[in-house]
2 protein chains.
Amino acid sequence: MAAIIVLGNSKRIRLGSPNVFIGSFVLMKALEKVLERNKVRPTAMRLLVLQYLFTKNVAVSLTDLENSFEKSDRTTLYRTLKTFVESCLVHKIDDGTGVSKYALCEENCNCEIETDLHVHFHCNLCKQTICLPKHKIPAIYLPKAFLPQEVNLVVKGTCNKCS
Amino acid sequence: MAAIIVLGNSKRIRLGSPNVFIGSFVLMKALEKVLERNKVRPTAMRLLVLQYLFTKNVAVSLTDLENSFEKSDRTTLYRTLKTFVESCLVHKIDDGTGVSKYALCEENCNCEIETDLHVHFHCNLCKQTICLPKHKIPAIYLPKAFLPQEVNLVVKGTCNKCS
DNA sequence: TCCAAAAATGCAACTCTGTTGCACGGTGTT
DNA sequence: AACACCGTGCAACAGAGTTGCATTTTTGGA
């Protein structure tokens, strides 16, 4: 997937909302392949959302997305994210703010088998939620008869950009 | 605080909602002292809510509380919990269900200074959230320039009663 | 003891997030 | 071309959390 981000540096045409870019034909083709690989039919909307997620290195909320795609409907974006989560393209993050965030899965992420086990960081200043994929959640030893299935660990504080 | 729980075994008079008990005069006096120790003025409502929390060994939501105190208003219970959190009587738990839960602080809990650092467990079957005060969150090593202030760790799975 | 101030309570209303139902429209298939 | 299917957009709704305001209760001082 890193290759695609590099492709993202190709010539862009600004259109619609200031935050929305349509990349080159090559980029679009690459994003299409990502969708098809995960068995998601590549519609225009989905390509734009996927591209948007690629440009962000922080987790975004449904409302963030809504504000970036003024033309589109909240429901459509909601269902697009839902589709992406179910197809293991993005993972849903509970960062303790009460608002779900979404971020692209890593290439080796195996959502269907195990939940993502990395740490998330929420900055109390800039309010952004950041995935720390290299920081795995340490093993937790539970009392007898407690059977763990998922683990969520969120650290709150000041991020690298705000400190 | 353990002493107070023992006092809770004293003779009780059932009144109002099935889940609400008024304990003995001695128990009420003890609960009053708990409130006063944390600089919260002991009203009837607060005593009942505090007693309710003592009877529960799981974290409760505002709606749980509302359903147990049919006579009272959601807003009052909301503000009661808020007061309790601010006074370091209870801590607020984000268990990832999207609904805040509340549980009594431990005796040695120092909410003002540091957030509670124990693990929470949410059972996917009985939907209850349990504090595991003896299971502290292991140290998390963050990338440079990330300054941690709070940590939240929730394990989901099957609890000891459901397994 | 009584009164005034302060605090707590109860009611109504509202915001925001998440969600569902339904109708419309485009796309692909036979 | 007809059809089914899927995605999209609109409307509406549920639930949690929250706030404003009027009323009641409690507290503290005269």
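In this predicted model, B:His120 touches B:His91, B:Ile93, B:Ile130, B:Cys131, B:Asn152, B:Leu153, B:Val154 and B:Val155, setting aside residues up to four places away in sequence. This histidine belongs to strand E6 of chain B, which spans residues 118-123. With a relative accessible area of 3%, B:His120 falls under the 20% cut-off and is therefore buried.

A second residue that repays a look is A:Val154, in strand E8 (residues 147-158) of chain A. A:Val154 also has a relative accessible area of 3%, so this valine counts as buried. Beyond its neighbours within four places in sequence, A:Val154 is in contact with A:Asp94, A:Asp95, A:His120 and A:His122 of chain A, and with B:Glu150, B:Val151 and B:Asn152 of chain B. One of these partners, A:Asp94, stands 60 residues away along the chain, yet the two C-alpha atoms are separated by 8.1 Å.

A:Pro42 offers another setting, in the loop between helix H2 (25-37) and H3 of chain A. Its relative accessibility is 29%, which lies between the 20% and 50% cut-offs, so A:Pro42 counts as partly exposed. Leaving out residues up to four places away in sequence, A:Pro42 touches A:Glu32, A:Leu35 and A:Glu36. From A:Pro42 to A:Glu32 the C-alpha distance is 5.7 Å, with their positions 10 residues apart in sequence.

Stepping back to chain A as a whole, the chain holds five helices and eight strands. Followed along the sequence, these elements appear in the pattern α-β-β-α-α-β-α-α-β-β-β-β-β. Chain A has 163 residues, of which 43% are buried. When contacts in chain A between residues at least 6 apart in sequence are considered, 53% of them join residues at least 24 apart. The chain exposes about 9200 Å², and carbon and sulfur atoms supply 54% of that area.

Confidence in chain A can be followed through pLDDT, which averages 82, with 81% of the residues scoring at least 70. Over residues 1-22 of chain A, pLDDT stays under 50, and the model has 38 contacts beyond four places in sequence for this stretch. Where pLDDT is low, predicted coordinates should not be read in detail.

The model also contains DNA, and strand C is a good place to start. Around DNA strand C there are 18 residues, and those that come nearest are A:Tyr78, A:Ser100, B:Arg41, B:Thr43 and B:Arg79. Of the atoms of DNA strand C that come within 4 Å of the protein, 69% belong to sugar and phosphate. Two side chains can be paired with phosphate oxygens of this strand: an N or O atom of A:Thr63 is 3.2 Å from one, and a polar side-chain atom of B:Arg46 lies 2.9 Å from one. A base is reached as well, since a base oxygen of DNA strand C is 2.5 Å from an N or O atom in the side chain of B:Arg79. The elements giving two or more residues to the surface near DNA strand C are helix H4 (62-68) and H5 of chain A, along with helix H3 (44-55) and H5 of chain B. H5 of chain A gives the most, with five residues. Sorted by class, the surface near DNA strand C has four nonpolar, seven polar and seven charged residues.

Turning to DNA strand D, 19 residues surround the strand, and A:Thr43, A:Met45, A:Arg46, A:Arg79 and B:Ser100 come nearest. Sugar and phosphate make up 69% of the atoms of DNA strand D that come within 4 Å of the protein. Side-chain N or O atoms are found 2.9 Å from a phosphate oxygen in the case of A:Thr43, and 2.8 Å from a phosphate oxygen in the case of A:Arg46. B:Arg79 appears here too, with a side-chain N or O atom 3.1 Å from a base oxygen of DNA strand D. Two or more residues come from each of helix H3 (44-55) and helix H5 (74-86) of chain A, and from each of helix H4 (62-68) and helix H5 (74-86) of chain B. On this surface the most is given by H5 of chain B, with five residues. The classes near DNA strand D are four nonpolar, seven polar and eight charged residues.

Technical notes: Residues numbered from 1 in each chain as written. Chains lettered and ligands numbered in written order. Predicted model: local features only at pLDDT ≥ 70, side-chain atom pairs only at ≥ 80, totals over all residues. Heavy atoms only, no water. Near = heavy atom within 4 Å. Polar contact = N/O pair within 3.5 Å; in protein donor to acceptor, adjacent residues only side chain to side chain. Helix = DSSP H or I, 4+ residues; strand = E, 2+ residues; numbered from the N terminus. Nonpolar A, V, L, I, M, F, W, Y, C, P; charged D, E, K, R; others polar. Buried < 20%, exposed > 50% of the residue type's maximum accessible area, 1.4 Å probe, protein only. Contact = heavy atoms within 4.5 Å. Areas by Shrake-Rupley, 256 points an atom, 1.4 Å probe, with all protein chains shown as cover. pLDDT = per-residue confidence, 0-100.
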